[in-house]
Amino acid sequence: MDTKLKGDIAEHATILYALTQGWGVLTPVGDRLPYDLVLDIKSRLIKIQVKSAWFDQAKQNWVVDNRRTKTNRRAMVRSPYDEKDFDFAILYISKLKVFYIMPSIVFNSYGSEIHLVEDSKRQRKPKSAQFRNAWSLLLQ
């Protein structure tokens, strides 16, 4: 499965969840904007960037790249998002059907990768744990 398909699955899982909550969903035309969706929650429009997580076998955790990737025929250029590009990032682990909902300021505070630990045997929870299925953040 290629990365584009994984991204499409993550976006559509987010759309399905939003629709089941009775929220409106707007999708931009094309890939030029720094967000993937806009959710209409109680007449409030919220820009969403959706990311699909992959499993890092060596570290035994899920990983999301928190940079923007632009490609053309010759090069792949990665750059950080701006805090105003979107309101929330939704990170999706397809295999587990788990979402992480992060405000853009938190999402952008990570270096270049966000590691999501789903192993319950850890002694302490990672920083990202507070955002696991934290849909209530969108309602505030």
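## A loop residue to start from

Ala-53 sits in the loop between S3 and S4 (helices, H or I of at least four residues, and strands, E of at least two, are DSSP runs numbered from the N terminus). With a relative accessible area of 9%, Ala-53 is buried (buried is under 20% relative accessible area, exposed over 50% and partly exposed in between, with a 1.4 Å probe and protein chains only). Its C-alpha atom is 5.8 Å from that of Tyr-92, although the two are 39 residues apart along the chain.

Who does Ala-53 touch, leaving out residues up to four places away in sequence? Trp-62, Val-63, Val-64, Tyr-92, Ile-93 and Leu-116, where contact means heavy atoms within 4.5 Å.

## What kind of model this is

This is a predicted model, in which local features need pLDDT of at least 70 and side-chain atom pairs count only at pLDDT 80 or more, while totals for chains, interfaces and linings use all residues. Residues are numbered from 1 along each chain as its sequence is written, and side-chain values use heavy atoms, with hydrogens and water left out.

## The chain as a whole

The protein chain has two helices and ten strands. Reading from the N terminus, the order is α-β-β-β-β-β-β-β-β-β-α-β. The C-alpha trace spans about 40 × 40 × 30 Å along its principal axes. The radius of gyration of the protein chain is 15 Å, which agrees with the value near 14 Å for a compact globule of 140 residues (it is taken over C-alpha atoms, and the globule rule is 2.2 Å times the number of residues to the power 0.38).

Buried residues make up 40% of the 140 residues. Of the contacts between residues at least 6 apart in sequence, 51% join residues at least 24 apart. The accessible surface comes to about 9000 Å², and carbon and sulfur atoms account for 50% of that (Shrake-Rupley method, 1.4 Å probe; for residues, only the protein chains shown count as cover).

As for charge, the mean positions of the 23 positive and 15 negative charges are 3 Å apart. Here Lys and Arg count as positive and Asp and Glu as negative, with His and the chain ends not counted; each charge is placed at NZ of Lys, CZ of Arg, CG of Asp or CD of Glu.

## Two nonpolar cores

The largest nonpolar core has 19 residues, and the members that touch the most others are Leu-91, Tyr-100, Met-102, Phe-107, Ile-114 and Leu-116. Such a core is a set of buried Ala, Val, Leu, Ile, Met, Phe, Trp, Tyr and Cys residues joined through side-chain atoms within 4.5 Å. The elements giving two or more residues to this core are S5, strand S8 (88–93), strand S9 (98–103), helix H2 (104–109) and strand S10 (113–116). A second, separate core of 18 residues includes Ile-15, Ile-101, Trp-135 and Leu-138.

Back in the largest core, is Met-102 buried or exposed? Met-102 counts as buried, at 0% relative accessibility. Met-102 lies in strand S9, and its contacts beyond four places in sequence include Leu-91, Phe-107, Ile-114 and Phe-131. Leu-116 in turn touches Ala-53, Asn-61, Trp-62, Val-64, Leu-91, Ile-93, Tyr-100 and Ser-128, again not counting residues up to four places away.

## Around the start of S5

Asn-61 belongs to strand S5 (residues 61–65) and is buried, with a relative accessible area of 8%. Beyond four places in sequence, Asn-61 touches Trp-54, Phe-55, Asp-56, His-115, Leu-116 and Val-117.

Gln-60 lies in the loop between strand S4 (54–56) and S5. At 46% relative accessibility, Gln-60 counts as partly exposed. Its phi is near 60°, a positive value in a residue other than glycine. For background, most residues other than glycine have a negative phi.

## Exposed loops

The loop between strand S2 (37–41) and strand S3 (44–52) holds Lys-42, and Ser-43 is found there too. Lys-42 is exposed at 75% relative accessibility, and Ser-43 is exposed at 73%. Ser-43 has a positive phi, near 65°. The C-alpha atom of Lys-42 is separated by 9.5 Å from that of Gly-22, 20 residues apart along the chain.

Arg-73 is in the loop between strand S6 (67–71) and strand S7 (76–80) and is exposed, with a relative accessible area of 88%. Arg-73 and Gly-111 are 27 Å apart in space, C-alpha to C-alpha, and 38 residues apart in sequence.
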